[in-house]
Structure formats: structure tokens, C-alpha cells
Amino acid sequence: MSNNQSKGNYDLVVVKDLVKYFPVRSGVLQRVNAWVKAVDKVSFTVKEGETLGLVGESGCGKTTVGRAMLRLIEPTSGSVFINGEDVIEMRSQSLKTARRNMQIIFQDPYASLNPRLPIGESVMEGLHIHKIGDPKERWEVVLKMLKKVGLEEYHARRYPHEFSGGQRQRIGIARALALNPKFIVCDEPVSALDVSIQSQVLNILKDLQAEFGLTYLFIAHNMSVVEHISDRVAVMYLGKVVELADRNELFRSPLHPYTKALMSAIPIPDPTVKRERTILKGDVPSPLNPPSGCRFHTRCPIAIDRCSQEEPEFREVRPGHFVACLLAE
């Protein structure tokens with residue numbers, strides 16, 4: 001790898017104008033009469049070895065972005081380049097080969113594990129599908145990965161219902177790691193866990209990233225978790241990325257009104273310190289019929305007339321700091 005492609009400089013993942021619309025059907029003939037605009041022209045990059053945090057309210061399209069990138073759901077349009085290859089253009093065999101390099105850790109570890117299979121078999125499944133090694137070598141990989149995430153060898157023969165939520169999430173991490181991928185989508189991997197277990201799982205993810213040189217897209221709605229694990233952070237609202245910046249820059253000086261509102265909701269552990277809250281009015285508009293102009297203008301505390309007519313360009317206002325707001329300077 002050349003110097004300009006060393007860790008931190010090389011864009012391992014490039015997402016360009018990713019779109020995912022879901023059809024709404026009605027009537028006897030189930031004709032499409034509307035579209036849910038879940039993801040609408042989302043673009044970002046993830047550098048090799050970094051963690052990009054993707055945050056926003058529930059329903060803003062974060063999980064849909066992650067799944068569309070890996071083609072667990074088919075995107076409507078756009079491009080996703082992973083290691084220089086467009087995943088969207090791949091056909092069945094080339095996609096199957098490419099999937100060795102891209103994995104996902106699901107939000108609900110219990111739903112993502114087969115209750116009838118011992119967890120060792122679940123972790124081994126990817127190795128079996130991709131015909132990696134013989135049965136003995138596969139089993140050795142399974143035991144090694146379980147050790148890496150803090151489980152013991154005897155756990156491999158137990159079933160998912162015999163584990164706690166935190167242990168099941170560790171199993172999900174071991175399964176994602178078994179194929180030695182370059183890129184992992186972490187889809188809210190700690191949101192269903194107790195706070196004490198959250199920190200253990202986050203530390204495991206960081207240790208594994210350092211050991212294996214992994215690249216993460218970390219999807220979450222907890223800003224404190226994102227601040228802890230991310231190198232850069234992208235903020236989504238109603239299917240669009242509205243701000244993207246280095247973690248320290250974003251938390252020190254957010255530019256988009258929506259990002260500021262999210263930041264104001266982060267609890268401060270000191271009861272004597274009061275944070276000025278930004279309370280947003282109204283509900284999130286429906287992605288079936290998003291507002292014209294800036295999608296946030298219906299709830300924005302600083303909106304002007306232009307905001308309802310003109311869609312803001314996602315532009316770089318400071319080095320490495322991008323924002324989609326007409327008033328952000």
C-alpha cells in the first residue's frame with residue numbers, strides 16, 4: 001500500500017448519492033401509490049481504520065443506510081464503493097466474494113442468532129458458506145474468535161437462550177469477525193444493553209479495531225456512546241445527512257440547528273451544571289411526504305422564509321466540517 005493510502009488517509013468506503021425508497025401499495029391490485037423516502041441522496045466516506053458515527057432520531061434512515069450499503073436491502077439508486085469496488089453493481093457470485101470483507105453486527109443479538117444452533121455453529125456459518133478451511137480449521141477459528149470477545153471455549157456448544165444480552169452481542173461480534181473483514185457496520189450494537197455492559201462491548205470493539213485494523217460505520221442514537229467511539233460523526237435527519245465533521249470539532253462547535261438540539265439533550269453527570277436545552281417543536285415529518293426546501297425547517301428555531309423553498313447544499317464550511325444549512329457559517 002502506498003504512502004497516500006496509509007491508515008487514516010485512504011477512503012476504504014465511499015457512498016455516493018445513496019437512495020432507498022420503499023413502495024406503499026394499496027387496492028386489490030396492490031398498485032404503488034406513494035413512496036417512503038427512507039434514504040435520499042446520502043453521501044459520505046469512511047477512511048481505512050476509522051470509526052464513522054451515524055446518529056439521528058429513530059426513523060431517520062440510519063439502519064436503512066447500513067443495510068443498503070451491504071445490499072441486505074436493495075438500494076433504489078446510488079453507488080457504494082468498498083475498497084474501490086462498487087457493491088451496487090456486483091452480481092451474485094462477485095457479491096458473495098465481496099461479502100467476506102463487509103459484515104454487520106445487528107441491534108438485536110437474540111433475533112440474529114438461530115435458536116436451534118449452538119453458537120459455535122452460528123459463528124462458523126460464514127466460514128462454511130465461503131468454504132474457508134477444513135472443519136477442524138473452522139472450529140479453531142471459532143474458538144479463537146470467542147476468546148477474542150471474552151467468552152470461553154465451552155460456550156461454543158451452548159445455545160443462544162443460555163446467554164445474557166451482553167454475551168449474545170459478543171457472539172454477534174465474534175461471528176462478524178470470523179471472516180476477517182475489512183469493514184463492519186455496527187447497527188446500534190449496544191442500545192439494548194445495560195450501561196455497564198455497553199462499556200464492555202464498546203471497549204471490545206475498540207480493542208478489536210486496533211488489533212485487526214477494522215473500519216466501522218457505527219450507527220447509534222446515543223450521542224455519548226458516539227462521542228466515546230467515533231473518529232468522525234455524521235448526523236442524519238429525515239433521510240439526509242445534515243452535518244459531518246471530526247468528533248471533537250462537532251461536539252465543540254456544532255453548526256446545524258438539529259445537531260445543536262441533539263447535543264443539548266446529552267445529560268451532564270454533574271447536577272450543579274445546567275445545560276441550555278433546545279426543545280424542538282412538533283413531530284418529525286413523515287418520510288412519505290417530506291417538507292419542501294430544508295427538511296428541518298418545520299421544527300427549526302432559526303428558520304427563515306428561504307428555508308421552506310430552497311434545499312440547502314451539503315457544503316464544506318470549515319476544513320473537514322460539512323453542513324446542509326443556509327444559515328450555518
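**View 1. Isoleucine 302 and its surface surroundings in the predicted model.** With a relative accessible area of 43%, isoleucine 302 is partly exposed, because that class lies between the 20% limit for buried and the 50% limit for exposed residues. This model is predicted rather than experimental. Isoleucine 302 sits in the loop that links helix H9 (257-264) with helix H10 (305-309), and together with Ile304 and Leu327 it forms a nonpolar patch on the surface, the three sharing about 230 Å² of accessible area.

**View 2. Histidine 321 and its contacts.** Histidine 321 belongs to strand E12, which covers residues 321-323, and it is buried, its relative accessible area being 0%. When neighbours within four places in sequence are set aside, the residues in contact with histidine 321 are Glu243, Leu244, Ala245, Glu249, Leu250, Ser253, Leu255, Arg315 and Glu316.

**View 3. Strand E8, covered on both faces.** Strand E8, made of residues 215-220, is mostly covered, with six of its six residues buried. On one side lie Thr215, Leu217 and Ile219, on the other Tyr216, Phe218 and Ala220, and every one of these residues is buried.

**View 4. The strands that pair with E8.** Strand E3 (residues 51-55) pairs with E8 in the parallel sense over five bridges, and within E8 it is phenylalanine 218 that stands opposite glycine 53. Strand E7 (residues 183-187) also runs parallel to E8 and is joined to it by five bridges, with leucine 217 of E8 as the bridge partner of valine 185. From E7 the chain passes through helix H6 (residues 195-212) before reaching E8, a β-α-β crossover that is right-handed.

Definitions and conventions
Residues are numbered from 1 along each chain as its sequence is written. This is a predicted model: local features need pLDDT of at least 70, side-chain atom pairs count only at pLDDT 80 or more; totals for chains, interfaces and linings use all residues. Side-chain values use heavy atoms; hydrogens and water are left out. Helices (H or I, at least four residues) and strands (E, at least two) are DSSP runs, numbered from the N terminus. Buried means under 20% relative accessible area, exposed over 50%, partly exposed in between (1.4 Å probe, protein chains only). Contact means heavy atoms within 4.5 Å. Patches are made of residues with over 30% relative accessible area and no salt bridge: like charges are joined within 9 Å, nonpolar side chains (Val, Leu, Ile, Met, Phe, Trp, Tyr) within 5 Å. Accessible areas come from the Shrake-Rupley method with a 1.4 Å probe; for residues, only the protein chains shown count as cover. A salt bridge is a side-chain nitrogen of Lys or Arg within 4 Å of a carboxyl oxygen of Asp or Glu. Two strands pair if DSSP finds at least two bridges between them. A crossover is right-handed if, with the strands pointing away from the viewer, the path from the first strand over the helix to the second runs clockwise.
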